[in-house]
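Biologist: I would like a close look at a single part of this chain. Please take me through one strand and its surroundings, step by step.

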Amino acid sequence: MGRILEPINVGRRSLWTLFDTGASQNYIAEHAVGDLHVTKMQGAYRVAIDGKHRALSKRADLEGKIQGKRVMFSALVIDDLGVDKKRLDHSAYPDEFVEY
């Protein structure tokens, strides 16, 4: 599983995005939704994140740019991602990617 932290420009806003290549879904924190197009889904999608089980019923559509490249995707809206910001500090890791 690989994780990459990168800003995404959505309209006039810049949002930090954690890309997890092992994740099966995309998520967006409710406080970051802003003026994005949000759809109420027909049924709840049940997930377990950070040891907590949740039923998510809204999806946000994002369209923006990452490193100048256009991207479009949907993300399940969640009240709190439960991300410990200390875990996102990659300063101790080398710049190059090494896979064993």
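What follows is a walk along one strand, its partners and the core beside it. Please centre it on β5 (52–66). Which strands pair with β5, and in which sense? Is Arg54 buried or exposed?

Modeller: A caution comes before the details. This is a predicted model. The mean pLDDT of the chain is 79. Of its residues, 78% reach 70 or more. Residues 85–89 have pLDDT below 50. That stretch still has five contacts in the model beyond near neighbours in sequence.

Now the setting. The chain has six strands and zero helices. From the N terminus on, the order is β-β-β-β-β-β. The chain has 100 residues, and buried residues make up 23% of them. About 7900 Å² is exposed, with carbon and sulfur atoms supplying 50% of that area. Take the contacts between residues at least 6 apart in sequence: 38% of them join residues at least 24 apart.

Start with the pairing to β4 (37–49). β4 and β5 run antiparallel, and nine bridges join them. Two of the bridge pairs can be named. Val47 has Arg54 as its partner in β5. Tyr45 has Leu56 as its partner in β5. The two strands form a hairpin with two residues between them. In that hairpin, Asp50 takes a positive phi near 55 degrees.

Next comes β6 (69–78). β5 and β6 are also antiparallel, and this pairing covers eight bridges. Here Glu63 stands opposite Met72 in β6. These strands form a hairpin too, again with two residues between them. Gln67 sits in the loop between β5 and β6. Its phi is near 50 degrees, which is positive although Gln67 is not a glycine. Gln67 counts as exposed because its relative accessible area is 65%, over the 50% cut-off.

Back to Arg54, which lies in β5. You asked whether Arg54 is buried or exposed. Arg54 has 14% relative accessibility, under the 20% cut-off, so it counts as buried. Its contacts beyond four places in sequence are Tyr45, Arg46, Val47, Ile49, Ile78, Asp79 and Asp80. Val47, the bridge partner of Arg54, is thus on this list as well. With Asp79 there is also a polar contact: the two side chains are joined at 3.2 Å.

Now look at the nonpolar residues. As a rule in soluble globular proteins, nonpolar side chains tend to be buried together. In this model, the largest nonpolar core has 12 residues. They are Ile8, Val10, Leu15, Ile28, Ala32, Val33, Leu36, Ala60, Leu62, Ile66, Ala75 and Val77. β1 (3–10), β5 and β6 each supply at least two of these residues. β5 gives the most, with three residues. A second, separate core has six residues, including Met41, Ile49, Leu56 and Leu76. Leu56, the bridge partner of Tyr45, belongs to this second core. Ile49, in contact with Arg54, belongs to the second core too.

Two members of the largest core deserve a closer view. One is Ile8. Beyond its neighbours within four places in sequence, Ile8 is in contact with Arg13, Ser14, Leu15, Thr17, Lys65, Ile66, Val71 and Phe73. Leu15 and Ile66 on that list are also members of the largest core.

The other is Ala32. Ala32 lies in the loop between β3 (27–29) and β4. It counts as buried because its relative accessibility is 13%, under the 20% cut-off. Outside four places in sequence, Ala32 touches Arg13 and Leu15. Ala32 and Leu15 are 17 residues apart in sequence, yet their C-alpha atoms are 7.6 Å apart in space. Both belong to the largest core.

To recap, β5 pairs with β4 over nine bridges and with β6 over eight. β5 also gives the most residues to the largest core. Arg54 in β5 is buried, with a side-chain polar contact to Asp79.

Conventions
Residues are numbered from 1 along each chain as its sequence is written. This is a predicted model: local features need pLDDT of at least 70, side-chain atom pairs count only at pLDDT 80 or more; totals for chains, interfaces and linings use all residues. Side-chain values use heavy atoms; hydrogens and water are left out. Helices (H or I, at least four residues) and strands (E, at least two) are DSSP runs, numbered from the N terminus. Buried means under 20% relative accessible area, exposed over 50%, partly exposed in between (1.4 Å probe, protein chains only). Contact means heavy atoms within 4.5 Å. pLDDT is the predictor's confidence in each residue, from 0 to 100. A nonpolar core is a set of buried Ala, Val, Leu, Ile, Met, Phe, Trp, Tyr and Cys residues joined through side-chain atoms within 4.5 Å. Accessible areas come from the Shrake-Rupley method with a 1.4 Å probe; for residues, only the protein chains shown count as cover. Two strands pair if DSSP finds at least two bridges between them. A polar contact is a pair of N or O atoms within 3.5 Å; within protein, one must be able to donate a hydrogen and the other to accept it, and residues adjacent in sequence count only if both atoms are side-chain atoms.
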